[in-house]
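Work through the exercises below with the sequence and the model side by side. Each task is followed by a solution in steps.

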Amino acid sequence: MAYRVVAAVLVAAWLFPALAEGAVRHYKFSVVMKNMTRLCATKPIVTVNGTFPGPPLYAREDDTVILRVVNHVQYNVTIHWHGVKQLRTGWSDGPAYVTQCPIQPGQSFIYNFTLTGQRGTLLWHAHISWLRATVHGAIVILPKLGVPYPFPKPHKDVIIVLGEWWKSDTEVVINQAMQSGLAPNVSDSHTINGYPGPFPNCTSQGYTLHVEAGKTYKLRIINAAVNDELFFKIAGHNLTVVEVDASYTKPFTTDTIFIGPGQTTTAILTADQPVGKYLIAISPFMDTVVAVDNFTASGFLRYKGTHAFSATALTAMPPQNATPVTNTFTESLRSLNSKQYPAAVPLTVDHSLLFAIGVGINPCATCVNGSRAVADINNVSFVLPTTALLQAHYYNISGIFTDDFPGNPPIPYNYTGNTTTNFQTTNGTKVYRLAFNSTVQVVLQGTALLAPESHPVHLHGYNFFVVGRGVGNYDPLKDPKKFNLVDPSERNTVSVPTGGWTAIRFRADNPGVWFLHCHLEVHTTWGLKMAFLVDNGKEPNQSILPPPSDLPQC
Ligand code: C2O
C-alpha cells in the first residue's frame, strides 16, 4: 500500500514536473581587482573571480540560488540579478540604497532567491555607481527538467556578452563628471565577450565562435554596455530570435539584432554557409546629437575546416542613426503566447500613469558652466537615500522617502516639440505606491528638452508587456485603440524611441520596492529613476519575506 502511494507520488512528480521542487545552486562571487590588457594598455579593473566578463550563473527554472558575494575591493559593492523577478525576495534584488545597503570592503552578503516562472537568458551586474562597467556576466535559466524548448534544441549554447572598454577608470570618469556638471566621456571601444577585436594602431584580440557546418547554435546575446544601444550582426548569416529577457517569443528571422543595455536576446544561428571565416560585429545606435563611442567591435565566426589564411567575409553595419532598423526589430517582437506560455496581459488598468522622461539642465554654482546636466521623470530628479528604501518601508522608518511620486507631469506641455519650458527639475526621493495585485499602465514619454534620446527603461521585480509605441506625443484618445493586448512582447527593459513613447503594462503582484530607471548608466546617475512601492497582499504568501540576518547596514 505504502509502496503504491510512493509510486503514485513519483509518477505525479514525473508527469507534472511543476510539482517537483527545484535544486539549490551554490555560488561564490569574490569581488577582486585584476589587471587587464585591452587596446594595448593595462589597467586594474574590478571583477568577479578575476574575469571580464564575469562568470556565468547557471540554474534551472524553480531552482534556488544561494550566492555569496565577498567584497575584496576598496569600493562598496552590490550585485543585481537583472530580470530575475525576486518574488517576495526584494532583499536579494541588489540596487544600492533601493533594496539594500552596499556590501562594504571586507564584508560579504548571501543573495538567496528562487527562479520562478522564467526561462532563458538574463544578466547579473554590479548596481552601484558605475562598477557594472566591468562587473557583469550572464544568467542562464534552463527549463525545468524534462520540459523542452518551444523550438528545436540547438547543437550548442553560446553566451555572447557585449560590453564597453574604457581606457580610463570609470569611477574617476563619473565622479569628475558629477563634479563638473558636464557629460562624462564615452568609452574607447565596444567588446564581444571581453574583446574589442582589431583596433587602430594595436593588434587586439577578437572573440572567435567555432562552429561546424550544418549545426545550429543558440546565441545568448547580452548587452552589458554602460551607455550604448547596439546593433549585432554576423556576416552572411541570419538569426532566428526565440526569446528576449527570459520570455519566449514567436520566432522571427533577421540579419541584425538591436539590443539596449540590460536587454538580452536569444537567437538561433544555423551554420549553413560555405566553410570559412565570417565577421561578427557590433556597432552603436544613436539617432540624435549625443556623443557615443563609435567603435565597431569585431570577432569571428569560424567554421571547422577553415584554411588558416582564408579571408574573412565582411558585413556592413547599419548606419549609426538607423532608426528604421531599430523599429523593424522592435516591432517584430511578439510574445510566444502559446497554451503553455500564455501572455498574461492586464486588460484593465487600475493606475494609468504618464512618465515624461528626459535630460535637462539645472543651475549649479560650483559647476564648470554654471549649470549641470540632469535627468528626470515628471520633473523629479531622483536622489538615492543614504539608507535603503526597502528597509525604510519594512521597518516603517520615516523621513527616508515620501510616497507622492507624480503619476503625471506637473504641467502638461509639448513633450517632443521645441520648448524651453519645464527645464528645471526638483530633487526628490519619492515612490509611487501600488496596492498588491493592482494593474498598472505606464506610458513612457520621451522629452526633447535638451536633446531627444532613446532610453532603454528597466523595471525591477517584474516583466511588463509592451502594448504600444509611437513617435511624437502619446495621444490618450487615439493611441490605446492600436494597443496590442494579445501577444505584446514581454520584457524587463524596453527602448523608448527618440522623441516618442512606449506604453507598458504589468500587474503589481510582487510586494516590495522596485526600481525603475533608464539603463544608460549616465542617465541613471543624473536622476532618470524612481521606485514603485508595492504593498503586501492579504494572504500570507503575498508578503515580503523577512530580511536575511546578514543584510548589510549603511
Ligand atoms: Cu540592470 Cu537597475 O539594473
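**Exercise 1. Find the bond between Cys364 and Cys367 and describe its handedness and burial.**

Step 1. Cys364 and Cys367 are joined by a disulfide, with sulfur atoms 2.0 Å apart; a disulfide is a pair of cysteine sulfur atoms within 2.5 Å.
Step 2. The torsion about the S-S bond of Cys364 and Cys367 is about 75 degrees, so this disulfide is right-handed.
Step 3. Cys364 is buried at 9% relative accessibility, and Cys367 is buried at 6%. Buried means under 20% relative accessible area, exposed over 50%, and partly exposed in between (1.4 Å probe, protein chains only).

The model is predicted: local features need pLDDT of at least 70, side-chain atom pairs count only at pLDDT 80 or more, and totals for chains, interfaces and linings use all residues. Residues are numbered from 1 along each chain as its sequence is written, and side-chain values use heavy atoms, with hydrogens and water left out.

**Exercise 2. Locate the disulfide of Cys40 and state which parts of the chain it ties together.**

Step 1. The partner of Cys40 is Cys202, at an S to S distance of 2.1 Å.
Step 2. Cys40 sits in the loop between strand 1 (24–38) and strand 2 (41–48), and Cys202 in the loop between strand 10 (189–192) and strand 11 (208–211), so the pair ties together parts that are 162 residues apart in sequence. Strands (E, at least two residues) and helices (H or I, at least four) are DSSP runs, numbered from the N terminus.
Step 3. Cys40 is exposed, with a relative accessible area of 52%, whereas Cys202 is buried at 12%.

**Exercise 3. Do the same for Cys101 and Cys554.**

Step 1. The sulfur atoms of Cys101 and Cys554 are 2.0 Å apart, and the two form a disulfide.
Step 2. The angle about their S-S bond is -100 degrees, and the link is left-handed.
Step 3. Cys101 is buried at 2% relative accessible area, while Cys554 is partly exposed at 49%.
Step 4. To finish, the structure holds three disulfides; with the bonded cysteines numbered in sequence order, the pairing is 1-3, 2-6, 4-5.

**Exercise 4. Which residues of helix 3 are buried, and which are exposed?**

Step 1. Thr326, Phe329 and Thr330 are buried in helix 3 (residues 323–332).
Step 2. These three cover an arc of only 95 degrees around the axis, which puts them on the same side of helix 3. The arc is that of the directions from the helix axis to the C-beta atoms.
Step 3. Pro324 and Thr328 are exposed on the other side of helix 3.
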